[in-house]
Amino acid sequence: MVSCLGINMYHHFCDFLNLYISQHVNGSFSTDVNIIVWDTSGRSYMDMFGDTWRAFTDHPLIHLKNYDGKRVCVHEAIFPLLPRMALGLYYNLPLVPGCKNSGLVRAFSRHVLYRLGIDHGRSQDGRLRVTFLSRTTRFRQVLNEDQLLAQLRTDPRLHVSKVDYKHRKMSFLEQLQHTQNTDIFIGIHGAGLTHTLFLPDWACLLEIYNCGDEPCYRNLAALRGVGYVTWEGSAGLTQMDELGTYKGGAYDKFVNYTVNPTEFRWLVEKAIMYVFNHPAFPSTHMHPKEEL
């Protein structure tokens, strides 16, 4: 198979989703298979999400360059769907307006979580579990995120966690475990929001700002069948371009931001109401009416 960027979750999970679809086409979900990565680069392939391959094979990955100069005989082979092909899931898919709750994408999510042994636990104290994904990269940081989090932590309905999904700080399996036990997932535009694929059915993604790439995670949330909330307009968002040297395209992705706390709190409230009112939301959680 042709593998995409192993350092970017959004791109790399196009590989895994299309591999899963290919298993359906082939009519087999056996893990007693060898996967050959169609990579002829002389550089080693860095894969921050390598644990995910365990959902598809019991064997180590094989790189095509390992067979350089050799004659290889293969008894049976399947070439899977290309991860970034035109009109393919999900990178180049022009989603039909109103299309949501893809059974295929939901099945993919459940398949990967089951094969990797990720469990869904219930809230221990009845509060909604809010995960704020912090960025420590050079750009797209939310500079006043601690102020926003302090505000959320005053709400007795919420249990708020701040996480940094860096592979050196938290293994990918640990990341999945945390995501699967999240009711509201908050972050600014970036590949980490691909964790939306592994939220529970009633969860809501709050993309603080889409940085000019409107359909990206809105569509991914729709395909997964979870809620989606984002900033409307640009009022209340302040761009902080400290260097002032970037003159390229997609400018909104190469600056940092401060966020108006009042507007942010309004978005969170929309996400809270979405989760509480979802028919699949576990009844063991605290319902807002019980607080009145």
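In which sense do E6 and E7 pair, parallel or antiparallel, and over how many bridges? E6 and E7 pair in the parallel sense, and four bridges link them. The model is predicted: local features need pLDDT of at least 70, side-chain atom pairs count only at pLDDT 80 or more, and totals for chains, interfaces and linings use all residues. Residues are numbered from 1 along each chain as its sequence is written, and side-chain values use heavy atoms, with hydrogens and water left out.

**View 1. The open sheet of five strands.** The strand order is E4-E3-E5-E6-E7, with parallel pairing. Strands (E, at least two residues) and helices (H or I, at least four) are DSSP runs numbered from the N terminus, and two strands pair if DSSP finds at least two bridges between them. Strand E4 (158–163) and strand E7 (227–230) stand at the edges with a single partner strand each, so one side of each has no neighbour in the sheet. From one strand to the next the twist averages 20°.

**View 2. Strand E5 and its partners E3 and E6.** Strand E3 (residues 128–133) runs parallel to E5 and is joined to it by three bridges. Val130 has Ile184 of E5 as its bridge partner. On to strand E6 (residues 204–207), strand E5 (residues 184–187) makes four bridges, again with the strands running parallel. Here Ile184 stands opposite Cys204, and Phe185 has Leu205 as its bridge partner. Ile184 and Ile186 lie on one side of E5 and Phe185 and Gly187 on the other, and all are buried. Buried means under 20% relative accessible area, exposed over 50%, and partly exposed in between (1.4 Å probe, protein chains only).

**View 3. Strand E6 and the step to E7.** Cys204 and Leu206 point one way from E6, Leu205 and Glu207 point the other way, and all are buried. Towards E7, Cys204 stands opposite Gly227.

**View 4. The packing of H1 on H2.** Helix H1 (residues 9–26) and helix H2 (residues 103–115) pack at an angle of about 100°, and their axes are 11 Å apart. H1 is therefore roughly perpendicular to H2. Axes are lines fitted to C-alpha atoms, for helices over the stretch in contact, and angles run from 0 to 180 degrees between N-to-C directions. Angles under 35 degrees count as roughly parallel, over 145 as roughly antiparallel, 65 to 115 as roughly perpendicular and the rest as oblique. From H1, Phe13, Phe16, Leu17, Tyr20, Ile21, Gln23 and His24 meet Leu104, Ala107, Phe108 and His111 of H2. By class, this contact has eight nonpolar, three polar and no charged residues. Ala, Val, Leu, Ile, Met, Phe, Trp, Tyr, Cys and Pro count as nonpolar, Asp, Glu, Lys and Arg as charged, and the others, Gly among them, as polar.

**View 5. The largest nonpolar core.** This core has 43 residues, and those with the most contacts inside it are Phe13, Phe56, Tyr90, Phe108, Leu197 and Phe198. A nonpolar core is a set of buried Ala, Val, Leu, Ile, Met, Phe, Trp, Tyr and Cys residues joined through side-chain atoms within 4.5 Å. H1, H2, helix H4 (172–180) and helix H5 (215–224) each supply at least two of its residues. H1 gives the largest share, nine residues. Apart from neighbours within four places in sequence, Leu197 is in contact (heavy atoms within 4.5 Å) with Phe13, Tyr90, Val105, Phe108, Ser109, Leu220 and Arg224. A second, separate core of 32 residues includes Leu152, Leu206, Val268 and Val275.

**View 6. Helix H5 and its surroundings.** Eight of the ten residues of H5 are buried, so the helix is largely enclosed by the rest of the structure. The buried residues are Cys216, Tyr217, Asn219, Leu220, Ala221, Ala222, Leu223 and Arg224. Their cover includes H1, H2, E6 and E7. Gly225, just after H5, takes a positive phi of about 90°.

**View 7. Two exposed loop residues, Lys169 and Arg138.** Lys169 is in the loop between E4 and H4 and has a relative accessible area of 61%. From C-alpha to C-alpha, Lys169 and Ala150 are 23 Å apart in space, and they are 19 residues apart in sequence. Arg138 is in the loop between E3 and helix H3 (145–152), with a relative accessible area of 55%. Arg138 and Val255 are 117 residues apart in sequence and 8.3 Å apart in space, C-alpha to C-alpha.
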